[in-house]
Amino acid sequence: MIKSGGMVLVRQIGYALVPMIARGVMLGADQPVILHMLDIEFAAEALKGVKMELIDAAFPLLKGVVATTDVVEACTGVNVAVMVGGFPRKEGMERKDVMTKNVSIYKAQASALEAHAAPNCKVLVVANPANTNALILKEFAPSIPEKNISCLTRLDHNRALGQISERLGVQVSDVKNAIIWGNHSSSQYPDVNHATVKTPSGEKPVRELVQDDEWLNGEFIATVQQRGAAIIKARKLSSALSAASSACDHIRDWVLGTAEGTFVSMGVYSDGSYGVPAGLIYSFPVTCSGGEWTIVQGLPIDEFSRKKMDATAQELSEEKALAYSCLA
Ligand code: LMR
């Protein structure tokens, strides 16, 4: 039995996420789950309503629901913690504006997870600034191994696959091995230099099929980088269903493994690979097997990519310094 602790402070993502988990989208169609949902006191009544709906949906895999405003109860015994709780970014706000509001939330949740989660609990931070929130969580939960703490850039990864699929008129499931490097912010670098498309005559590089480097190095990158903001502008709310779906993809691949020859993007603790400063939570290409991620090594990096990878690392170093100053 896997207990999946979804921190549901951001109600939009949480509300989209819990039925996906209960249907087996995150952990597999044969994996029973117990859902722990945490929200703030203000939303306690609404959270009870979500629990009622989960019961009413009669999900065969759902073996229990805990709906609570007590962080200790929420964290107790969880095997997977999805941290969607945080102060959401609103139209016109920069990610840095939400930093102060979020670092203290992550410090508190880190302590509760460290003390009460199951050993080897896997943690996915979704709430922004996701990379830096994950870093704060890691700092304040020192006994949780750093390999167990990650942040969501699979959303950006999937957005990159989606843009390529739209441009080429191919199935998104035939596009793979895009990479998101760095921060889940507009400084991220969506890189298609290693991405391929399955065609009737075998796998072909995306660059060869698109045949428009100007688009790939310009509009494509900007569209993926700015997609979160574009959705906020259109919906007046941040992305929810795509964030929830990507969170499921992230955990499913982490727990159950990536397909042979396929890599995905995850925000993980940098060990200095690709010259990225160690000690940042930075998005890398990874493969997963046996419940562990491994950074894909040895990919050639051209000068254009190097500059973009360094720029997003620089932003993360600045965010880290800002987060620590907020904590002081
Ligand atoms: C997204 O990428 O959709 C969100 O992270 C946007 C945001 O900044 O809230």
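**Entry 1. H6 and H11**

I looked up how helices H6 and H11 are oriented in this predicted model. Their axes cross at roughly 105 degrees, and H6 and H11 are therefore roughly perpendicular to each other. I took 65 to 115 degrees as the range for that term. Helix H6 covers residues 154-168 and helix H11 covers residues 241-256, and their axes come within 8 Å.

I then listed the residues of this contact. H6 contributes Arg154, Leu155 and Asn158, while H11 contributes Ser242, Ala243, Ser246, Asp249 and His250. Sorted by class, I find two nonpolar, four polar and two charged residues.

**Entry 2. H4 and H12**

I next turned to helix H4, residues 99-116, and its crossing with H12. The two axes come within 9 Å and cross at roughly 70 degrees, which makes H4 roughly perpendicular to H12. On the H4 side I noted Met99, Thr100, Val103 and Lys107. On the H12 side I noted Leu322, Ala323, Cys326 and Leu327. The class count of this contact is six nonpolar, one polar and one charged.

**Entry 3. H5 and H12**

I examined H12, residues 303-327, again, this time against H5. Here the axes come within 10 Å and the crossing angle is roughly 50 degrees, so H5 is oblique to H12. I recorded the crossing as right-handed.

Asn131, Thr132, Leu135 and Ile136 are the H5 residues that meet H12. Their counterparts in H12 are Leu316, Glu319, Lys320 and Ala323. I count four nonpolar, two polar and two charged residues in the contact of H5 with H12.

**Entry 4. The two domains**

I consulted the domain assignment, which places residues 2-151 in domain 1 and residues 154-319 in domain 2. The centres of the two domains, taken over C-alpha atoms, are separated by 23 Å. Across the boundary, 31 residues of domain 1 are in contact with 30 residues of domain 2.

I asked which elements of domain 1 each supply at least two residues of the side that touches domain 2. They are helix H1 (11-22), strand E4 (80-83), strand E5 (122-125), helix H5 (130-140) and strand E6 (149-151). The largest share, six residues, comes from H5. I also sorted this side of domain 1 by class and obtained 18 nonpolar, six polar and seven charged residues.

**Entry 5. Backbone exceptions**

I checked the backbone with a general expectation in mind: most residues other than glycine have a negative phi, and most peptide bonds are trans. Two places drew my attention.

I found that the peptide bond from Asn128 to Pro129 is cis, with omega near -5 degrees. Pro129 sits in the loop between E5 and H5. Both of those elements appear in Entry 4 as suppliers of the side of domain 1 that touches domain 2.

I also noted Ala58, which is not a glycine and yet has a positive phi of about 50 degrees. I located Ala58 in the loop between helix H2 (44-56) and strand E3 (62-68).

**Entry 6. Overall dimensions**

I closed with the whole protein, which has 12 helices and 14 strands. Along the principal axes, its C-alpha atoms fill a box of roughly 55 × 45 × 40 Å. I compared the radius of gyration with that of a compact globule of 328 residues, which would be near 20 Å. The protein has 19 Å, which agrees.

How values were computed: Residues numbered from 1 in each chain as written. Predicted model: local features only at pLDDT ≥ 70, side-chain atom pairs only at ≥ 80, totals over all residues. Domains from an automatic or database assignment. Contact = placed C-beta atoms within 7 Å. Nonpolar A, V, L, I, M, F, W, Y, C, P; charged D, E, K, R; others polar. Axes fitted to C-alpha atoms, helices over the stretch in contact; angles between N-to-C directions. Parallel < 35°, antiparallel > 145°, perpendicular 65-115°, else oblique. Left-handed = near helix turned anticlockwise from the far one by under 90°. Rg over C-alpha atoms; globule rule 2.2 N^0.38 Å.
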